[in-house]
Amino acid sequence: MSARRIDGKAAAAALRARVAGLAQSFAAATGRPAGLATVLVGEDPASQVYIRSKRAATAEAGMRSDHHPLDAGTSETELLALIERLNADPAVDGILVQLPLPAHMDAARVIATIDPDKDVDGFHVVNAGRLAVGDPAALVPCTPLGCLHLLKAELGDLSGLHAVVIGRSNIVGKPMAMLLLGESCTVTIAHSRTRDLPAICREADILVAAVGRPEMVKADWIKPGATVIDVGINRLPGAEPGKSRLVGDVAFAEAAEVAGAITPVPGGVGPMTIAMLLRNTLVAAHRRAG
Ligand code: GUN
């Protein structure tokens, strides 16, 4: 391996410690802790694990964590009424509705009901619009924000670099592209219909893979010395029966022979997402406190 391994776990721990310090100052100055409300509809095991991690990290940072578990049969009207109550609650700075929602709910309508200034996921169209026009009031989706943090720590000024983002989701690909454009990168968004994807990736100084296809990006897709950010979290069968292993969207071992720096999976982008959720919650709290 010749590439530098970008340690997202360490970067996330440092960021969480910084947010915890600032959260303490916020509580001292305002007489109340910053607060995150989480909502989970149903009992999807993966979502329960995510919510547990988010709540533990919130509490560990000295912020208030209020959880609202709703049973799978809850109507959309009831969920929207809960969101309206949380919008109006002065102790709540951030609202996170865990996705995916059950099939009988319209996720777009649910997200649109969240007060954009409490939308710490950055999923509301108002925040997507703010990000697109470069409005600093934008709350930015946590995963791409975490990727940008790692890139700036690794490379410093990103201006003029060619960034290729593989994936065009509203949660990762599109906001990632907007953030990189904001850093004056030349940005290409590639996706499943892109022609000659390997050739386009080979042009990239920065390659962000967010497609959800295990080990799709091979060594010969990478420009020597490029910085590779792997957003993928894919579960493959492990060596032993009944065991699984996590892999990214990049074939790590071979890619690391060519790249200049690369994030591992696990331990790369993943830990940054929760750290950025805490950061967004504190940012929202400060803005609301004026
Ligand atoms: N489900 C998977 N990732 C996320 C996330 O970042 N936010 C929310 N709300 N739901 C998710």
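Colleague: In what order do the strands of the open sheet of three strands stand?

Modeller: This is a predicted model, and what follows describes the structure as it was predicted. The pairing in this open sheet is parallel, and the edge strands, each of which pairs on one side only, are β3 (64–70) and β4. Neighbouring strands here are turned by 15 degrees against each other on average, with direction ignored. The order of the three strands is β3-β2-β4.

Colleague: Which residue in β4 stands opposite Ala37?

Modeller: Strand β2 (residues 35–41) and β4 pair in the parallel sense over four bridges. Helix α2 (residues 45–60) lies across β2, β3 and β4, and its direction runs at about 170 degrees to β2. Opposite Ala37, in β4, stands Ile95.

Colleague: Which strands are the edge strands of the open sheet formed by six strands?

Modeller: The six strands follow the order β1-β11-β8-β7-β5-β6, and the pairing is parallel. At one edge, two bridges join β1 to strand β11 (residues 261–262), and Arg4 stands opposite Ala261 in β11. The strands that pair on one side only are β1 (4–5) and β6 (186–190).

Colleague: Across which strands does α7 lie?

Modeller: Helix α6 lies across β7 (206–209), β8 (227–230) and β11, and runs at about 160 degrees to β8. Helix α7, for its part, runs at about 170 degrees to β6. The strands that α7 lies across are β5 (162–166), β6 and β7.

Colleague: Is the crossing in which α6 passes α7 left-handed or right-handed?

Modeller: The axes of helix α6 (residues 142–155) and helix α7 (residues 173–182) come within 8 Å and cross at roughly 40 degrees. Where they touch, Pro144, Cys147 and Leu148 in α6 meet Pro175, Met176 and Leu179 in α7, and by class this contact has six nonpolar, no polar and no charged residues. The crossing of α6 past α7 is right-handed.

Colleague: Why are α1 and α10 described as roughly parallel to each other?

Modeller: Two packed helices are described by the angle between their axes and the distance between the axes. Helix α1 (residues 8–30) and helix α10 (residues 270–289) have axes 9 Å apart. An angle counts as roughly parallel when it is under 35 degrees, and α1 and α10 are therefore roughly parallel, since they pack at an angle of about 20 degrees.

Colleague: How do the residues of the contact of α1 with α10 divide into nonpolar, polar and charged?

Modeller: The residues that α1 brings to this contact include Leu15, Val19, Leu22 and Phe26, and those they meet in α10 include Met272, Leu278 and Leu282. Arg16 in α1 and Arg279 in α10 are also among the residues that meet. The division is 14 nonpolar, four polar and three charged.

Colleague: Which residues are around the ligand?

Modeller: By class, the shell around the ligand divides into four nonpolar, one polar and one charged. One residue of this shell, Leu99, is also joined to Pro100 by a cis peptide bond, with omega about 0 degrees, and Pro100 has its place in the loop between β4 (94–97) and α4 (107–113). The residues around the ligand are Leu96, Val97, Gln98, Leu99, Asp121 and Cys142.

Colleague: Where does Pro266 lie?

Modeller: The peptide bond from Val265 to Pro266 is cis, and its omega is near 0 degrees. The place of Pro266 is the loop between β11 and α10.

Conventions
Residues numbered from 1 in each chain as written. Predicted model: local features only at pLDDT ≥ 70, side-chain atom pairs only at ≥ 80, totals over all residues. Axes fitted to C-alpha atoms, helices over the stretch in contact; angles between N-to-C directions. Parallel < 35°, antiparallel > 145°, perpendicular 65-115°, else oblique. Contact = placed C-beta atoms within 7 Å. Nonpolar A, V, L, I, M, F, W, Y, C, P; charged D, E, K, R; others polar. Near = placed C-beta within 6 Å. Left-handed = near helix turned anticlockwise from the far one by under 90°. Pairing = 2+ DSSP bridges.
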